[in-house]
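Please open the model in your viewer and keep the sequence panel beside it. The stops below say what to select next and what is to be found there.

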Amino acid sequence: RLPTRGNYCDIGPGISHKTEAIKRYLKGATVSEIAMIMAHHHRSIERYLDDFCMVISGHVNDKFSVTRLSRTLRISEKLVREYIDLYKQLQKDPDCQLRLQQILARIEELFNRTQKNNRRRQ
C-alpha cells in the first residue's frame with residue numbers, strides 16, 4: 001500500500017470517521033455494530049483498530065514522535081494525534097477499561113504477527 005498525499009495531509013477519501021469508530025469500540029460496541037452504524041466494511045473497522053493499536057503502542061511503549069508514527073504507519077499526523085488524544089481521554093473512563101485491556105492484548109498479537117512475518121521473509 002503506497003502512501004498518498006491524502007494520507008499525510010488529511011485530504012480526499014483517505015480519512016473517514018476513524019476516531020469515532022475507535023471511540024465506539026472502546027465504549028463497548030462490536031466491530032459488526034460499528035460497521036453497520038457507520039456504513040463501513042468490517043475489515044475497515046478492523047484496520048482502524050490495528051492502526052490505533054500501533055499508534056498507542058508506539059507512543060506509550062516506544063515514545064515515538066507523532067511524525068515517526070505517521071511515516072511508519074502511513075497515516076496522517078492529524079490522525080496520530082487524534083488517536084493519542086482519544087487514548088488519553090478514555091484511559092481513565094471506567095466504561096472503557098475492558099476494551100483498553102483488549103486493545104493491549106491486540107497490540108501483543110499484532111507485534112507477534114509482525115515478528116512471525118519478518119522471520120518468514122528472511
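In this tour a residue is called buried when its relative accessible area is under 20%, exposed when the figure is over 50%, and partly exposed in between, with a 1.4 Å probe and protein chains only. The model is a predicted one, in which local features need pLDDT of at least 70 and side-chain atom pairs count only at pLDDT 80 or more, while totals for chains, interfaces and linings use all residues. Residues are numbered from 1 along each chain as its sequence is written, and side-chain values use heavy atoms, with hydrogens and water left out.

**The whole chain**

Start with a cartoon view of the chain, whose secondary structure comes to 7 helices and 0 strands, where helices (H or I, at least four residues) and strands (E, at least two) are DSSP runs numbered from the N terminus. Read along the sequence, the pattern is α-α-α-α-α-α-α. Of the 122 residues in the chain, 38% are buried. If you then display contacts, meaning heavy atoms within 4.5 Å, residues 24 or more positions apart account for 64% of those with a separation of 6 or more.

**Two loop residues with positive phi**

Select Ala39, in the loop between α3 (31-38) and α4 (42-61). Its phi is near 55 degrees, a positive value in a residue other than glycine, and Ala39 is exposed, at 71% relative accessibility. Move next to Lys63, which is found in the loop between α4 and α5 (66-73). The phi of Lys63 is near 55 degrees, again a positive value in a residue other than glycine, and at 65% relative accessibility Lys63 counts as exposed.

**Where α3 meets α4**

Two packed helices are described by the angle between their axes and the distance between the axes. Show α3 together with α4, and you will find that their axes come within 8 Å and cross at roughly 115 degrees; the axes are lines fitted to C-alpha atoms, for helices over the stretch in contact, and angles run from 0 to 180 degrees between N-to-C directions. On the α3 side the contact is made by Val31, Ile34 and Ala35, and on the α4 side by His42, Ile45, Glu46 and Leu49. By class, this contact of α3 with α4 has 5 nonpolar, 1 polar and 1 charged residues, where Ala, Val, Leu, Ile, Met, Phe, Trp, Tyr, Cys and Pro count as nonpolar, Asp, Glu, Lys and Arg as charged, and the others, Gly among them, as polar.

**Leu26 and its neighbours**

Which residues does Leu26 touch, not counting residues up to four places away in sequence? Select Leu26 in helix α2 (residues 18-26), and the residues to display around it are Phe52, Leu90, Asp95, Cys96, Arg99, Leu100 and Ile103. Leu26 counts as buried, at 0% relative accessibility. Add Leu98 to the selection as well: the C-alpha atoms of Leu26 and Leu98 are separated by 8.2 Å, although the two residues are 72 residues apart along the chain.

**The cysteines**

Cys96, one of the residues that Leu26 touches, is buried at 0% relative accessibility. Select Cys53 too, which is likewise buried, with a relative accessible area of 0%. The structure holds 0 disulfides, a disulfide being a pair of cysteine sulfur atoms within 2.5 Å.

**Salt bridges**

A salt bridge is taken here as a side-chain nitrogen of Lys or Arg within 4 Å of a carboxyl oxygen of Asp or Glu, and by this rule the count comes to 4 salt bridges. Begin with Asp93 and Lys27, whose side chains meet in one of them (2.7 Å, N to O). The pair links distant parts of the chain, with Asp93 in the loop between α6 (77-90) and α7 (97-121) and Lys27 in the loop between α2 and α3, 66 residues apart. Asp93 is buried, with a relative accessible area of 15%, whereas Lys27 is partly exposed at 42%.

Then turn to helix α6, where Arg81 and Glu77 lie 4 residues apart, about one turn of the helix, and their side chains meet in a salt bridge (3.3 Å, N to O). Arg81 is partly exposed, with a relative accessible area of 43%, and Glu77 is partly exposed at 21%. Finish with Lys78 and Glu82, both in helix α6 and 4 residues apart, whose salt bridge has an N to O distance of 3.7 Å. Lys78 counts as partly exposed at 47% relative accessibility, and Glu82 as partly exposed at 27%.
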